There are 4 protein chains.
Amino acid sequence: MTQKSMPIVDFRSDNTGRASPALIAKLAEVNEGTAAGYGTDEWTALLQKRYSDIFETAVRVFPVSTGTAANALSLGAVAPSHGAIYCTEPAHISSSEANAAGFFSGGGRLTPVASTHAKMAPEALLATIGSIVLGNAHYSQPAALSITQANEMGTVHSLAEIRALTDIARRFKMKVHMDGARFANALVRLGCTPAEMTWKSGVDILSFGSTKNGGLLADAIVVFVPEIADLLAFHLQRGGQVWSKGRFGAAQLLAYVENDLWLANARAANAAGARIAAGLRGIPGAKLLAPIEANMVFLDLPGSVMDGLERDGIRFFRRTKSMARFVCRFDVTDAEVDALLASLKRHCGAVATAAQ
Amino acid sequence: MTQKSMPIVDFRSDNTGRASPALIAKLAEVNEGTAAGYGTDEWTALLQKRYSDIFETAVRVFPVSTGTAANALSLGAVAPSHGAIYCTEPAHISSSEANAAGFFSGGGRLTPVASTHAKMAPEALLATIGSIVLGNAHYSQPAALSITQANEMGTVHSLAEIRALTDIARRFKMKVHMDGARFANALVRLGCTPAEMTWKSGVDILSFGSTKNGGLLADAIVVFVPEIADLLAFHLQRGGQVWSKGRFGAAQLLAYVENDLWLANARAANAAGARIAAGLRGIPGAKLLAPIEANMVFLDLPGSVMDGLERDGIRFFRRTKSMARFVCRFDVTDAEVDALLASLKRHCGAVATAAQ
Amino acid sequence: MTQKSMPIVDFRSDNTGRASPALIAKLAEVNEGTAAGYGTDEWTALLQKRYSDIFETAVRVFPVSTGTAANALSLGAVAPSHGAIYCTEPAHISSSEANAAGFFSGGGRLTPVASTHAKMAPEALLATIGSIVLGNAHYSQPAALSITQANEMGTVHSLAEIRALTDIARRFKMKVHMDGARFANALVRLGCTPAEMTWKSGVDILSFGSTKNGGLLADAIVVFVPEIADLLAFHLQRGGQVWSKGRFGAAQLLAYVENDLWLANARAANAAGARIAAGLRGIPGAKLLAPIEANMVFLDLPGSVMDGLERDGIRFFRRTKSMARFVCRFDVTDAEVDALLASLKRHCGAVATAAQ
Amino acid sequence: MTQKSMPIVDFRSDNTGRASPALIAKLAEVNEGTAAGYGTDEWTALLQKRYSDIFETAVRVFPVSTGTAANALSLGAVAPSHGAIYCTEPAHISSSEANAAGFFSGGGRLTPVASTHAKMAPEALLATIGSIVLGNAHYSQPAALSITQANEMGTVHSLAEIRALTDIARRFKMKVHMDGARFANALVRLGCTPAEMTWKSGVDILSFGSTKNGGLLADAIVVFVPEIADLLAFHLQRGGQVWSKGRFGAAQLLAYVENDLWLANARAANAAGARIAAGLRGIPGAKLLAPIEANMVFLDLPGSVMDGLERDGIRFFRRTKSMARFVCRFDVTDAEVDALLASLKRHCGAVATAAQ
């Protein structure tokens, strides 16, 4: 069998997947007549209402083009240039966004807090804050806490874990940002409401991701604090993040939640994650580096096994020499999962045999 | 006839219009299988090739979400924080983009140059540059020249006019940016090639607008100088302007030029402008504030006439007490144009009668 | 008489002059024993008290190294990146500080307001604010008003003139900054109190200049609003403007006001200005471009007269081809003034003769 | 004996000390006649020449007001907003300068590299660089390496150690910054030339500190690469760091090196460090946390010993619960050193006795 004719088995990322066709259909649907520009159209107004229903409180929703924009502009609206933004080392804002948070906050400092499976422990946060002198201008001052949910190692904070962190933030007068690039994956994992996972747990501003979960060209910033929203509106314009044809931004985010599409997509992706988890129990050589709680799988694998997977046409991300990451798209198929498991089993078995 | 049942007559802006359906169809078309993220997909590669053909040189094309992003990130890539960016007073970057250019250049200064019909005269540019001391650190130093084509008063620079300005820029070692929010409208007006209107006339970097001309959710930055492109790639990531599902950004910009769609759209919009121009000859009271060379019409009108137009359900932009702006969408209808002309004729006539 | 042996006749600027020796003596005086760093020393504490007495209210005083730092950091503390800072065209912050205000405010926009003799008329300010749409994110939003006192054309705002401008600022929720590079010159001109010229007239934050009036290496920011001061303290540290050996910053600013030295210096400089004004009455060819109200003289002079002055060894600033600026240092001598007047008389007379 | 009458025993920092009187005398000396402004005076010109002699190459010297300004503006001139600046965790730019480097570089990222005694090992630097993907815009790209000499734990890099680090920087096209807040202390320790410790070892730009070594109100940036200097000149003006009365900035830096004053001061401070080192050999309970190679001493001490020192009137910095820092000023006396050693001996002895 040649590489060419092989079916796709793609676990590189959830952003390699398709968009849910409903989003594109919605673009066609709203493409009638004229509409006022820059977010003053009726669909953007509807978006405010719809998301306020979902979050059970009056929220302000700002469509933006990317998750990096959502994160960096959120943080720029709550952290001053002399501020510290506490996050974990693997946090996407720290590891993968090219200084965007520093740029949009005018120099604000990402301050890494020790973590396990990309979860910050409250004591670690306290210790990091404790290493500076509050109010002393030599030190970056506590400004914001950023929590990723589900996080970069694929684990999901419980509501109690979120609350423990946000309580500390509150104590030091910090604002709380949630990077929800995989918000829906976490939501269906916890089985709680969007409100419970955000403002009821102390979150002030949310990067509401859709892209990785069947989205197209828009994510959103959802703001729970009116004053932050007022400022953000100016920052977004100045940041080149306000579509003049705003109806097409809003349309995507409306279609995304219509008929619970977002939850269905997330359930599908998480189910694939669970299917991998189940399959891995029979492959002792594939060592999990973090529990599988959403749609991501991190394995400690020998280089030879990774080579073998690649030869088999399995696509994934070789994060380090011994760490492989597999992400389940919302539209990943059982066949892909099974192909991955079969390939893993074969190559891990070969390693075990050779070691005997 | 009630307002409700009236057909739409909308001249507010060209961004109130629809997207060309072909763009949405293209999104559906590329929505198959998986694709590598962040602009490493095959459609983004094709985009480079396709636009290099159009511009008759190897260009770098970066899809971005908005025209403000295109302008501000272009200027931020060529102007340092102590630099002066020369533009006209009505330039969109100066009048309408919320300090975005200053933000993305770290403080770079928009320096207004006197203009007629939003066209800068070479002597005016020279005089403005001449008011500072070159190399003296007290003064913002010449960094960039920004020309809007077609410009904010709806007039179009001839190639000779562009060249006269870019020659001065070159003499002072400035980079030249073109704000092409209405690039296609200018192109079909001049009947020249994209290459002639840009790099062959001294332009280094172009905000290539599609939104106002049937686009959907993407404009582009087209770069003619490789070193600027290399820097810009980092700036865009840090600026939150790199879609992870890059194929959907590229797809729009591919569909936009396929079968010369962009030129057809621009011709339609300009034709409507010309139809208004012809009609205005019979309405002496409607005084043109600038020649109609593309799809925009600026009229000096009494407040009572503007009130009358609004009562008739005509939508337009009351820019000042006496200045009304009418913009022709690519999908504006002859019926809309005729309704506008009829309403203008009636209300201007009433004014003339009253004045006798 | 050769140029070499000529006595100095220097009207280039008031920053070409000496420092008052008392300031240097004070440095020596405080140079005993050890002192806590970064503004936590006893002299900085004394400075707060002393200036609070002078301003008849509890002020916060921050020594900074330059007037540009005082201005730009003041504005950066009150204007956000999407804000407009209203000032006159000739304002030093606009004409001479290399985009510092834009840099420190993260992109904030200097917005020129029409002026006469570098004084803004209230109607001009209103008209400029009126040209944007309040609350509409496309436009730089009113954030700060900056008034220079005495201003860049050497004229002095009356208290009523200041109040008329600050009332407008207040109406639009702007903060008011005063650039007091020549604060003392204005103060002795008006014969009012520092309190009257600042917070009692609606000023929130003051660049308190000493350098041009016998100062050495420090100016100060004087803040009348506690919340601004709290923020500024962080901005200054982050801006590299907090001397670790703070006592030497404070010492200069203490000596500057001791025994009313600052007022004496300003009176001397203004007296020289008045002496020039009196002398000019006998020189019809030297046309004043603004009334002489402090220590600066602007003359409309033919190039040949300027050449003549230079040949006579008179130093001054050729601002344009026909505008010459003469600034009186606190330590300028009557001999210098008389030499200037004699030279002016001679060369203007020659022009008049030639014209007959 | 009451606290009041106790002689000062002050090891808090070297910035609590006096200025060398020669610097103040120099201010008085240059305070004659008039001088051109903003660094165009004769003393600033002389400064260029004098420092070029000292560094054995044509350098550009820019007086600035603080070490933070020197560091942050140096880094801002070599690191773009998407750049990574590699430094150690305890580096002053990272631990104590309130995000100044991030602010002046528009978001540039301080990236900590593991260190021992605040010295980075070449392998640690390589490993940190190796954790990102070069040229991939998601990651902060290598832009600058910052080495502190003498460093924040009081140790001094050998020339070979500097070279090993700068060789790596060169390989990744980074610029090299040296934070020389205690440059002279390192210089006399190594017994090498200023040239050897800087450009001959691969340094591009130097924060040349004087404040901590008998300076007054100025440090300097010394630039070895002309293009960086050209850019920096603009950045400094825009940064509010160009004194209009430039002669007084230059004068301090001239006096600082006249008759090798700087070296004499550094030798005195280091000698006090050595005297402490010798004395500590007889105090087993006072555990050194880093070798004493310049004028700083870090001890691991029980809280009770720190309390005892404070009761004895010894001033020092309690950096953590168990880490005490003692810094020797250039003007520290043998009596102070002996008082410290005596107090340490007494309180450590008490702890030892209690433990038996």
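Copies of a chain are superposed here by least squares on the C-alpha atoms of residues with pLDDT of at least 70 in both. Please keep in mind that this is a predicted model, in which local features need pLDDT of at least 70 and side-chain atom pairs count only at pLDDT 80 or more, while totals for chains, interfaces and linings use all residues. Residues are numbered from 1 along each chain as its sequence is written, and chains are lettered from A, with ligands numbered from 1, in the order in which they are written.

On that basis, a turn of 180 degrees with a shift of 0.0 Å along the axis lays chain C on chain D with an RMSD of 0.0 Å, and that is the relation of a two-fold axis. Of the interface residues of chain C, 98% are also interface residues in chain D, so the copies meet through the same surface.

Turning to the interior, the largest nonpolar core (buried Ala, Val, Leu, Ile, Met, Phe, Trp, Tyr and Cys residues joined through C-beta atoms within 7 Å; buried means 20 or more other C-beta atoms within 10 Å of the residue's own, with C-beta atoms placed from the backbone) has 240 residues, of which I221(C) and I221(D) touch the most other members. Apart from it lies another core, of 238 residues, including V242(A) and V30(B).

Within chain C, helix α8 (residues 183-190) and helix α12 (residues 261-280), both DSSP runs of H or I with at least four residues, pack at an angle of about 80 degrees with axes 8 Å apart, the axes being lines fitted to C-alpha atoms over the stretch in contact and angles running from 0 to 180 degrees between N-to-C directions. The helices α8(C) and α12(C) are therefore roughly perpendicular, a term that covers 65 to 115 degrees.

Methods
Buried ≥ 20, exposed ≤ 12 C-beta atoms within 10 Å, placed from the backbone. Contact = placed C-beta atoms within 7 Å. Helix = DSSP H or I, 4+ residues; strand = E, 2+ residues; numbered from the N terminus. Parallel < 35°, antiparallel > 145°, perpendicular 65-115°, else oblique.
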